[in-house]
Amino acid sequence: AWRADLAGRHLVVSAGGTREPLDPVRFLGNHSSGKQGYALARAALARGARVTLVSANSALPDPAGAEVIRVGTAAELAAAVTKAAADADAVVMAAAVADFRPAARAQNKIKKVEGRDPEPIALVRNPDILAGLAAARRPGQVVAGFAAETEDVLANGRAKLARKGCDLLVVNRVGEGLAFGTEENEAVILEAGGPQTHVPRGPKEVLAHRIWDAVLRRLGGAPA
Ligand code: C5P
């Protein structure tokens, strides 16, 4: 059994994948299931934390005891996470956020026209929510993100940690049946100016607990 070492903490987790609408019926999306983010929420609840789960398009059941805020787009996710982060001890961005969105959202369903090629879809950048949270964090607040890498996991992870300016980066090894939609993950938890913890392939619940251990260490809590 886990001790209630996160009691009194407010922890915010984003999960799932954003959808960027093209028209009233279509979107640009990704394959994130939300499993890792939901595992983080459940693990934090089991250790006594107050949890806000900002969930983008996940089909998973609400974790009992969490405040669940459902969002669709990256802009909605940014607004909900930023609001919840105001009094949070830590924020973990586990959601797969679209880097780009369609420049315009058609009011009506885009129709195919006989004998004519489709219009190209113009895209614009979405803001980097994680980098924004890291730049705006209060003293003592811990901000963590995820990254998926297929090669040079450590070097690429360290570079991304520095670029995002966050405290922790969980680098997933993807490919070979790992990560998206699966029950298992293998990862390295990188800490800014600190150690790196390899978490061998195993249940997302186990990785979730290792991530909260690292967050708690940064918060100055009891050593895990
Ligand atoms: O840059 P990359 O997409 O690899 O970074 C992944 C991390 O950044 C994840 O934690 C994800 O939630 C976050 N992210 C974000 N806003 C974006 C893109 C990614 O917060 N627009």
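The following conversation concerns Glu 191 and several salt bridges in a predicted model.

Student: Where does Glu 191 lie?
Tutor: Glu 191 belongs to strand E11, which covers residues 184-191.

Student: Is Glu 191 buried or exposed?
Tutor: Glu 191 counts as buried, because its relative accessibility is 3% and the cut-off for buried is under 20%.

Student: Which residues does Glu 191 touch, leaving aside those up to four places away in sequence?
Tutor: On that basis, Glu 191 touches Arg 158, Leu 161, Asp 167, Leu 168, Ala 214, Arg 217 and Arg 218.

Student: Turning to salt bridges, how many does the structure hold?
Tutor: There are 16 salt bridges in the structure. One of them pairs Arg 218 with Asp 167, and the closest N and O atoms there are 3.9 Å apart.

Student: Which parts does that pair tie together?
Tutor: Arg 218 is in helix H5 (residues 204-218), while Asp 167 is in the loop between helix H4 (153-164) and strand E10 (168-173), so the salt bridge ties together parts that are 51 residues apart in sequence. Both Arg 218 and Asp 167 are also among the residues that Glu 191 touches.

Student: What are the relative accessible areas of the two partners?
Tutor: Arg 218 has a relative accessible area of 30% and is partly exposed. For Asp 167 the value is 9%, and Asp 167 is buried.

Student: Back to strand E11: which residue forms a salt bridge with Glu 184?
Tutor: Arg 201 forms a salt bridge with Glu 184, with 3.1 Å between the closest N and O atoms. Arg 201 lies in strand E12 (residues 196-203) and Glu 184 in strand E11, so this pair ties together parts that are 17 residues apart in sequence.

Student: And how accessible are Arg 201 and Glu 184?
Tutor: Arg 201 is partly exposed, at a relative accessible area of 46%. Glu 184 is partly exposed as well, at 31%.

Student: Now helix H5. Where are Arg 210 and Asp 213 relative to each other?
Tutor: Arg 210 and Asp 213 are 3 residues apart in helix H5, a separation of about one helical turn. They form a salt bridge whose closest N and O atoms are 2.8 Å apart.

Student: Which of those two is buried, and which is partly exposed?
Tutor: Asp 213 is buried, with a relative accessible area of 7%. Arg 210, at 29% relative accessibility, counts as partly exposed.

Student: Which residues join them in a network?
Tutor: Salt bridges with shared partners link Arg 210 and Asp 213 with Arg 3, Asp 5 and Arg 47 in one network.

Methods: Residues numbered from 1 in each chain as written. Predicted model: local features only at pLDDT ≥ 70, side-chain atom pairs only at ≥ 80, totals over all residues. Heavy atoms only, no water. Helix = DSSP H or I, 4+ residues; strand = E, 2+ residues; numbered from the N terminus. Buried < 20%, exposed > 50% of the residue type's maximum accessible area, 1.4 Å probe, protein only. Contact = heavy atoms within 4.5 Å. Salt bridge = Lys/Arg side-chain N within 4 Å of Asp/Glu carboxyl O.
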